[in-house]
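I opened the notebook to look up where the chains meet and where empty space is left. These are my entries in the order I made them.

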There are 2 protein chains.
Amino acid sequence: MSKKPLILVTNDDGINAPGIRALISVMNSIGDVVVVAPDSPQSGMGHAITLNATLYSKEVHFDDGPQKEFSCSGTPADCVKLAIRELSDRTPDLCVSGINHGSNASINVIYSGTMSAAIEAGIEGIPAIGFSLLDYSWNANFEASKPFIKSITENVLKNGLPNGIVLNVNIPNSSSEDIKGIKICRQAKANWVEEFDKRKTPQGKDYYWLTGKFVNLDGGEDTDEWALENGYVSVVPSQFDLTAHHFIKDLNSWDL
Amino acid sequence: MSKKPLILVTNDDGINAPGIRALISVMNSIGDVVVVAPDSPQSGMGHAITLNATLYSKEVHFDDGPQKEFSCSGTPADCVKLAIRELSDRTPDLCVSGINHGSNASINVIYSGTMSAAIEAGIEGIPAIGFSLLDYSWNANFEASKPFIKSITENVLKNGLPNGIVLNVNIPNSSSEDIKGIKICRQAKANWVEEFDKRKTPQGKDYYWLTGKFVNLDGGEDTDEWALENGYVSVVPSQFDLTAHHFIKDLNSWDL
């Protein structure tokens with residue numbers, strides 16, 4: 001049995017996306033790799049799971065790398081569950097998700113299938129990292145990301161992560177020499193201001209496309225948005241205990 | 001113009017679910033009500049949003065109450081976005097989501113469409129509460145929940161909620177006289193242990209159903225699971241800044 005760590009790779013852009021191909025190539029240089037990823041794009045799926053439909057999975061081969069790969073008809077969170085319980089020979093030592101085509105910094109963590117896959121692994125007690133590049137295009141260049149991904153991954157394997165915490169890593173869309181380094185950050189208090197594009201079907205029925213503008217009103221220099229705007233890779237330790245502990249005392253003073 | 005607060009009501013079980021009907025009836029006794037809810041069940045959708053498909057919405061009438069109602073083809077988070085930007089005449093003063101048919105306590109908050117709708121409203125700066133009853137059946141009895149829902153809602157309207165915090169309220173499946181009161185709690189560290197039910201299609205192809213067991217290894221008496229098991233309504237203040245602030249210092253000591 002291999003003494004190398006077993007690394008589970010997944011994403012939300014689909015198993016054939018260039019981003020996951022880049023991530024697999026880095027992970028093959030670190031450990032044994034099993035890939036379980038959606039068979040179609042699942043962006044914006046958040047932490048959806050498939051409760052009312054069947055799940056299909058099949059072994060696939062996209063390149064001549066040593067990794068074992070399975071596509072799955074479900075969401076990113078489904079992929080992680082299925083990988084751990086059914087498809088992987090042993091429990092993965094690490095789960096990495098991405099490289100996402102586009103930012104998952106600040107409030108995007110909430111909508112992100114990439115980060116939900118990492119969080120799902122974290123819930124299962126497996127150290128996990130979500131990686132995203134700030135380039136939404138399918139043909140984004142992931143080369144400059146690779147050394148940062150390798151360094152962060154090796155650090156997580158060496159140091160571990162506390163129960164309940166996963167890492168949200170975002171990488172500026174710059175060349176290697178323009179990326180200034182890595183910053184540990186907090187999630188910026190930013191949000192999307194939606195604009196619905198209202199149209200009519202050829203039959204005259206109203207419908208909408210969801211569009212929006214990203215607005216960052218958080219002036220802090222310790223945020224992921226600040227780091228990215230200033231040329232740094234951002235690393236936010238993210239937790240899935242959503243309790244706002246600091247507000248419990250106030251709530252106890254309410255007349256409930 | 002009405003001086004009553006405008007309350008946006010949504011859910012994830014669908015606009016015709018008995019749970020949302022019960023919630024609407026309570027809200028009609030407190031304010032003006034606009035309902036924007038999914039036209040089909042959206043359980044387990046987490047914080048999914050519809051990026052790659054069109055959204056439909058239409059005005060509907062399910063009973064003779066004074067509320068204005070719209071069904072929407074999207075997810076619970078879509079419903080909230082569409083309500084605020086397109087369907088509501090003015091910005092709602094409050095958003096309530098539910099009453100969910102089934103628990104959204106502890107880790108379920110992550111998978112819950114009900115809570116994601118409340119969180120979406122919170123992101124938009126609107127005070128928000130998710131309500132869930134610990135009975136998964138369609139014909140659950142919501143009567144005992146109503147006085148607690150009314151009291152918590154009136155308190156939120158009176159006291160407000162800080163930016164970035166929404167309430168996750170779960171209600172035991174008991175009669176009014178057996179519910180002991182309301183407890184402010186933290187989210188229990190519990191999780192689901194999945195068991196995939198592997199089957200074959202009539203054509204011989206493997207497929208899976210996701211099933212699982214809920215496991216609570218958190219012995220704390222300050223958790224939502226403890227409160228519910230002991231006959232209390234649980235209220236957890238929940239936040240969407242996922243930053244694990246306490247781990248930032250440790251991460252800064254890594255060799256990145």
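The entries below cover the interface, the cavity, the pockets and the salt bridges of what is a predicted model.

**Entry 1: the interface**

I began with the contact between the two chains. I found 77 residues of chain B in contact with 77 residues of chain A. The area buried between chain B and chain A came out at about 6900 Å². I noted that carbon and sulfur atoms give 67% of that area. I then asked which three residues of chain B supply more of the area it buries against chain A than any other three. They are Tyr208(B), Leu242(B) and Trp254(B), which supply 11%.

**Entry 2: polar links across the interface**

I counted 6 salt bridges between chain B and chain A. For one salt bridge between side chains I wrote down the partners, Asp241(A) and Lys189(B), with 3.9 Å from N to O. I also counted 23 residue pairs in polar contact between chain B and chain A, both residues being at pLDDT 80 or more. On the side of chain B that touches chain A, I sorted the residues into 42 nonpolar, 21 polar and 14 charged.

**Entry 3: the cavity**

I turned to enclosed space. My search of the whole structure gave 1 cavity of 30 Å³ or more. The largest cavity holds about 180 Å³ of space. I listed 15 residues lining this cavity. Closest to its centre are His47(A), Ile110(A) and Leu242(A) from chain A, with His47(B) and Ile110(B) from chain B.

Which helices each supply at least two residues of this lining? I found helix H3 (108-111) and helix H4 (113-123) of chain A, together with helix H3 (108-111) and helix H4 (113-123) of chain B. By class I recorded 9 nonpolar and 6 polar residues in the cavity lining, and no charged residues.

**Entry 4: the largest pocket**

I moved on to open space. The largest pocket contains about 580 Å³. I listed 23 residues in its lining, and those closest to the centre are Ile49(A), Leu51(A), Ser43(B), Gly44(B) and Tyr136(B). Two or more lining residues come from each of strand E5 (94-101), H3, strand E9 (190-200) and strand E10 (206-216) of chain B. E10(B) gives the largest share, 3 residues. I classed the lining of the largest pocket as 8 nonpolar, 11 polar and 4 charged residues.

**Entry 5: the second largest pocket**

I gave the second largest pocket a volume of about 470 Å³. Its lining has 22 residues, and nearest its centre lie Asn108(A), Tyr136(A), Trp192(A), Ile49(B) and Leu51(B). I asked which elements give two or more residues to this lining. They are strand E5 (94-101), H3, strand E9 (190-200) and strand E10 (206-216) of chain A. The largest share, 3 residues, comes from E10(A). I divided the lining of the second largest pocket into 6 nonpolar, 13 polar and 3 charged residues.

**Entry 6: salt bridges over all chains**

Last, I searched the whole structure and got 32 salt bridges over all chains. I looked up one within chain A, where the side chains of Asp32(A) and Lys4(A) meet at 4.0 Å, N to O. This pair links distant parts of the chain, 28 residues apart. I placed Asp32(A) in strand E2 (residues 32-38) and Lys4(A) in the segment before strand E1 (6-10).

Methods
Residues numbered from 1 in each chain as written. Chains lettered and ligands numbered in written order. Predicted model: local features only at pLDDT ≥ 70, side-chain atom pairs only at ≥ 80, totals over all residues. Heavy atoms only, no water. 1 Å grid on protein atoms, 1.4 Å probe; cavity = no way out; pocket = protein on both sides within 12 Å on 5 of 7 lines; lining within 4 Å. Points joined across faces, edges and corners; volume = space filled by probe spheres on them. Helix = DSSP H or I, 4+ residues; strand = E, 2+ residues; numbered from the N terminus. Nonpolar A, V, L, I, M, F, W, Y, C, P; charged D, E, K, R; others polar. Contact = heavy atoms within 4.5 Å. Buried area = accessible area lost by both parts, 1.4 Å probe. Polar contact = N/O pair within 3.5 Å; in protein donor to acceptor, adjacent residues only side chain to side chain.
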